[in-house]
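Student: I'd like a close look at one small part of this protein, and then a walk outward from there to whatever surrounds it. Could you take me through it in one go?

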Amino acid sequence: MKRFHIVFITCVCMLCAGPALAADTIKLGVAGAHSGDLASYGLPTLNAAKLVVGDMNAKGGVLGRKVEILAEDDVCKPEVAANVGSKLVSEKATVVLGHICSGATKAALSTYNEARLVTMSPSATNVDLTKSGEYPNFFRTISPDDAQALLEVNYALNTLKVKKVAVIHDKGDYGKGLAEFARDFLEKRGIKPVLFEGITPGAVDYSAIVQKIKFSGADAVIYGGYHPEAAKIVMGMRKKKMKTLFISDDGVKDDTFIKVAGKYAEGVYATGPIDTSKSPMAVAAIEQHKKAYGAEPGAFYLNAYAAAICLLQGIEKAGSTDYAAVSKALRTNWFDTPLGKISFDERGDAKGIGFAMYRVKNGKYVEVGK
């Protein structure tokens, strides 16, 4: 009888402990566009997270605990992202990798900040996300928009020797912010844009803005926004036989833009993270993706891979999941990543990375300057 009691009590204890042990994981929230027009930006991040987590779990996890992914799709829309933020907080996420688009990131950041959740984006470049000081919980593995806007302006004026520039944008946090920096940098060089105007994302046709660009006499267009609208504008320009140069950002430096714009993509310029794909760690990460998913990884994959490493190793180096400890670890340590060795400054911006200029040649983006 006593033995039965012992066995019974032991079984009860194991049953009670089971859920507790299962819940004792490091929860990595992964938020971004996992469907819709901008999924080509978000899915590479989710894939990167899965691969990094798989490697770490195979080695015993983080702080002796397995890492679990909480994947949430925000479709790169701020109103959806706000709900995603609340859901990840309610699901007790330990840290968050995301979001992808600047507007979506901004919509969720206050929720994460209130919950004291370290959040790291591989692609949200809006300057105010770090410069304003409003989100001390935010980090990113990509340089901010003022850096790529300056590169765009310098390349247009110094290398392409353009004289008249039209600046257009999609009215979003990302696109408009970048365009405003480009306009300001142009004016500091004594050049007033011949056109500065926003478009409505998702429109079927952009013939009106194409006509305005044509009548402005611009030698080049600097566009702040994403690839769906950029493809339509470029196609409209080329079909009208316009030779106006088109210069854009990392929201357009994506193979999906080339697939949609087809032959009209040739010659388009776009800024993007400096190519580190030939480094041993990047080569290994890219091959890992090809083996797991049977395809090239896509936009921001290496930035996301780096972010996943930094977040999880940051917890390991902190020896805790405590917000203050992890934040300090990210700012006081250097991490080996596919982007190189990086750390983070007081604002949360990554140290050791930057942008390059690319041009579409023979259906592929090729680096042409820095």
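Tutor: Let's begin with Lys164, which is partly exposed, with a relative accessible area of 42%. In this predicted model, Lys164 belongs to the loop that joins α6 to β6 (165-169). Its partners come from elsewhere in the sequence: leaving aside neighbours within four places, Lys164 is in contact with Val194, Gly217, Ala218, Asp219 and Ala220. Take Ala218 from that list: Lys164 and Ala218 are 54 residues apart in sequence, yet their C-alpha atoms are 4.7 Å apart in space.

Ala218 leads us on to another residue, Thr244. Leaving aside its own neighbours within four places, Thr244 is in contact with Ile213, Ala218, Asp219, Ala220, Val221, Met237 and Arg238. Thr244 sits in the loop between α9 (227-239) and β9 (245-248). Is Thr244 buried or exposed? With a relative accessible area of 8%, Thr244 is buried, because the cut-off for that word is under 20%. Lys164, at 42%, is partly exposed instead.

Two of the contacts of Thr244, Ile213 and Met237, also take part in a helix pair. Ile209, Val210 and Ile213 in α8 meet Ile233, Gly236 and Met237 in α9. Two packed helices are described by the angle between their axes and the distance between the axes. For α8 (residues 207-216) and α9, the axes come within 9 Å and cross at roughly 55°, so the two helices are oblique to each other. The crossing of α8 past α9 is right-handed.

Now step back to the helix that comes before the loop of Lys164. Helix α6 spans residues 145-159, 15 in number, and reaches 20 Å from its first C-alpha to its last, close to the 21 Å expected at 1.5 Å a residue. Which of its residues are buried? They are Asp145, Gln148, Ala149, Leu151, Glu152, Val153, Tyr155, Ala156 and Leu157. The elements covering them include α7 (173-188), β8 (220-224), β9, β10 (269-273), β14 (355-361) and β15 (364-369). After α6 comes Lys161, with a positive phi near 60°.

That backbone angle is worth a short detour. Most residues other than glycine have a negative phi, and most peptide bonds are trans. Besides Lys161, look at Val75, which is not a glycine but has a positive phi of about 55°. Val75 is placed in the loop between β2 (67-73) and α3 (78-90), and at 28% relative accessibility it counts as partly exposed. Lys92 also has a positive phi, near 65°, and its place is the loop between α3 and β3. Lys92 is exposed, with a relative accessible area of 63%. As for the peptide bonds, the one from Gly98 to His99 is cis, with omega near -5°. His99 lies in the loop between β3 and α4 (102-114).

The strand β3 brings us to the interior. In soluble globular proteins, nonpolar side chains tend to be buried together. Here the largest nonpolar core has 40 residues, and Leu28 and Leu330 touch the most other members. At least two residues of this core come from each of β1 (26-32), α2 (39-58), β3 (95-97), α11 (280-293), α12 (301-318), α13 (323-332) and β12 (340-344). α12 gives the largest share, 12 residues. A second, separate core has 34 residues, among them Ala81, Cys101, Phe300 and Met357.

Leu28 shows how the largest core is joined up. Leaving aside neighbours within four places in sequence, Leu28 is in contact with Ala49, Val53, Val67, Glu68, Ile69, Leu70, Val95, Leu97 and Leu311.

Leu330, in turn, points to a second helix pair, α12 and α13. Their axes come within 8 Å and cross at roughly 110°, so α12 and α13 are roughly perpendicular to each other. This crossing is right-handed. On the α12 side, the contact is made by Cys310, Gly314, Ile315, Lys317 and Ala318, and on the α13 side by Ala325, Val326, Ala329 and Leu330.

Technical notes: Residues are numbered from 1 along each chain as its sequence is written. This is a predicted model: local features need pLDDT of at least 70, side-chain atom pairs count only at pLDDT 80 or more; totals for chains, interfaces and linings use all residues. Side-chain values use heavy atoms; hydrogens and water are left out. A nonpolar core is a set of buried Ala, Val, Leu, Ile, Met, Phe, Trp, Tyr and Cys residues joined through side-chain atoms within 4.5 Å. Buried means under 20% relative accessible area, exposed over 50%, partly exposed in between (1.4 Å probe, protein chains only). Helices (H or I, at least four residues) and strands (E, at least two) are DSSP runs, numbered from the N terminus. Contact means heavy atoms within 4.5 Å. The expected span of a helix is 1.5 Å times one less than its number of residues. Axes are lines fitted to C-alpha atoms, for helices over the stretch in contact, and angles run from 0 to 180 degrees between N-to-C directions. Angles under 35 degrees count as roughly parallel, over 145 as roughly antiparallel, 65 to 115 as roughly perpendicular and the rest as oblique. A crossing is left-handed if the near helix is turned anticlockwise from the far one by less than a right angle, and right-handed if clockwise.
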